[in-house]
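Below is a colleague's note, set out as numbered points to be read beside the sequence and the coordinates.

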Amino acid sequence: MTLFATLLLAHLLGDFPFQTNNIYRMKVQGHKGLALHAAIHVTVTAVLIYHFWQFWPILLLLGFLHYLTDWAKLRYSGDQLTPGFLLDQLVHVLILVFITLIAPQTMTSQLPLWFLLPAIALALIPALLTFAYVWASDLCKAN
């Protein structure tokens with residue numbers, strides 16, 4: 001549970017407050033932006049786990065899967081952004097579950113669960129605000 005919570009917090013931080021408008025524009029423009037965004041995810045995750053250098057293959061897998069998911073979302077998204085946003089986040093969470101299941105028991109969080117849970121709640125605020133913006137944009141397009 002603690003490892004999944006750590007991965008989720010790192011994901012929320014990397015996808016929302018740490019993804020600036022400039023990084024988002026770079027991500028939409030091509031592979032360098034996508035690679036930077038994935039590297040931010042890997043870096044945030046590495047900071048939150050003990051002895052991250054021991055888990056570089058898992059961190060590399062996490063970054064690659066994040067890159068691939070975002071690439072697919074950008075390439076195949078339609079006029080309506082809300083379905084793509086929700087599907088993208090669902091796939092990311094499923095990847096975090098997968099990483100949690102394959103990670104060795106020694107891959108542990110630097111933060112206790114009592115800290116992680118409120119931190120996740122706070123990190124959900126920009127995620128929900130972004131979702132509201134995407135949904136509102138789609139509603140405006142429909143009218």
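1. A residue is called buried when its relative accessible area is under 20%. On that cut-off His-11, at 3% relative accessibility, counts as buried. The model is a predicted one, and the points that follow should be read with this in mind.

2. On the surroundings of the same histidine: His-11 is part of helix H1, which covers residues 2-15. If its neighbours within four places in sequence are left aside, His-11 has contacts with His-41, His-66, Gln-89, His-92 and Leu-96.

3. Leu-9 also belongs to helix H1, and its relative accessibility of 5% falls under the 20% limit, so Leu-9 counts as buried. Apart from neighbours within four places in sequence, the residues in contact with Leu-9 are Leu-48, Leu-111, Leu-116, Ala-119, Ile-120 and Ala-123. A C-alpha separation can be added here, since Leu-9 and Ala-121 are 112 residues apart along the chain while their C-alpha atoms are separated by 9.0 Å.

4. As to the overall architecture, the protein contains 6 helices and 0 strands, and the pattern read along the sequence is α-α-α-α-α-α. The radius of gyration is 15 Å, close to the 15 Å that the globule rule gives for 143 residues, and the protein is therefore as compact as a globular protein of that length. The C-alpha trace spans about 50 × 30 × 25 Å along its principal axes.

5. Which share of the contacts with a separation of 6 or more comes from residues 24 or more positions apart? Such residues account for 80% of those contacts in the protein. Of the 143 residues, 38% count as buried, and the protein exposes about 8400 Å², of which 73% is supplied by carbon and sulfur atoms.

6. For the packing of helices, the general description is that two packed helices are characterised by the angle between their axes and the distance between the axes. In this model the axes of helix H2 (residues 21-29) and helix H3 (residues 31-48) come within 6 Å and cross at roughly 130°. An angle of that value lies outside the ranges for roughly parallel, roughly perpendicular and roughly antiparallel, and H2 and H3 are therefore oblique to each other. The contact is made by Ile-23, Met-26 and Lys-27 on the side of H2, and by Gly-33, Leu-34, Leu-36, His-37 and Ile-40 on the side of H3. By class, the residues of this contact of H2 with H3 divide into 5 nonpolar, 2 polar and 1 charged.

7. Two loop positions deserve a separate reading. His-51 lies in the loop between H3 and H4, and its phi is near 50°, a positive value in a residue other than glycine. With 40% relative accessibility, which lies between the 20% and 50% limits, His-51 counts as partly exposed.

8. Is Asp-79 buried or exposed? At 68% relative accessibility, a value over the 50% limit, Asp-79 counts as exposed. Its place is in the loop between helix H4 (56-76) and helix H5 (81-102). Leaving aside neighbours within four places in sequence, Asp-79 is in contact with Asp-138 and Lys-141. The C-alpha atoms of Asp-79 and Lys-141 are separated by 8.7 Å, with the two residues 62 apart along the chain.

Definitions and conventions. Residues numbered from 1 in each chain as written. Predicted model: local features only at pLDDT ≥ 70, side-chain atom pairs only at ≥ 80, totals over all residues. Heavy atoms only, no water. Axes fitted to C-alpha atoms, helices over the stretch in contact; angles between N-to-C directions. Helix = DSSP H or I, 4+ residues; strand = E, 2+ residues; numbered from the N terminus. Parallel < 35°, antiparallel > 145°, perpendicular 65-115°, else oblique. Contact = heavy atoms within 4.5 Å. Nonpolar A, V, L, I, M, F, W, Y, C, P; charged D, E, K, R; others polar. Rg over C-alpha atoms; globule rule 2.2 N^0.38 Å. Buried < 20%, exposed > 50% of the residue type's maximum accessible area, 1.4 Å probe, protein only. Areas by Shrake-Rupley, 256 points an atom, 1.4 Å probe, with all protein chains shown as cover.
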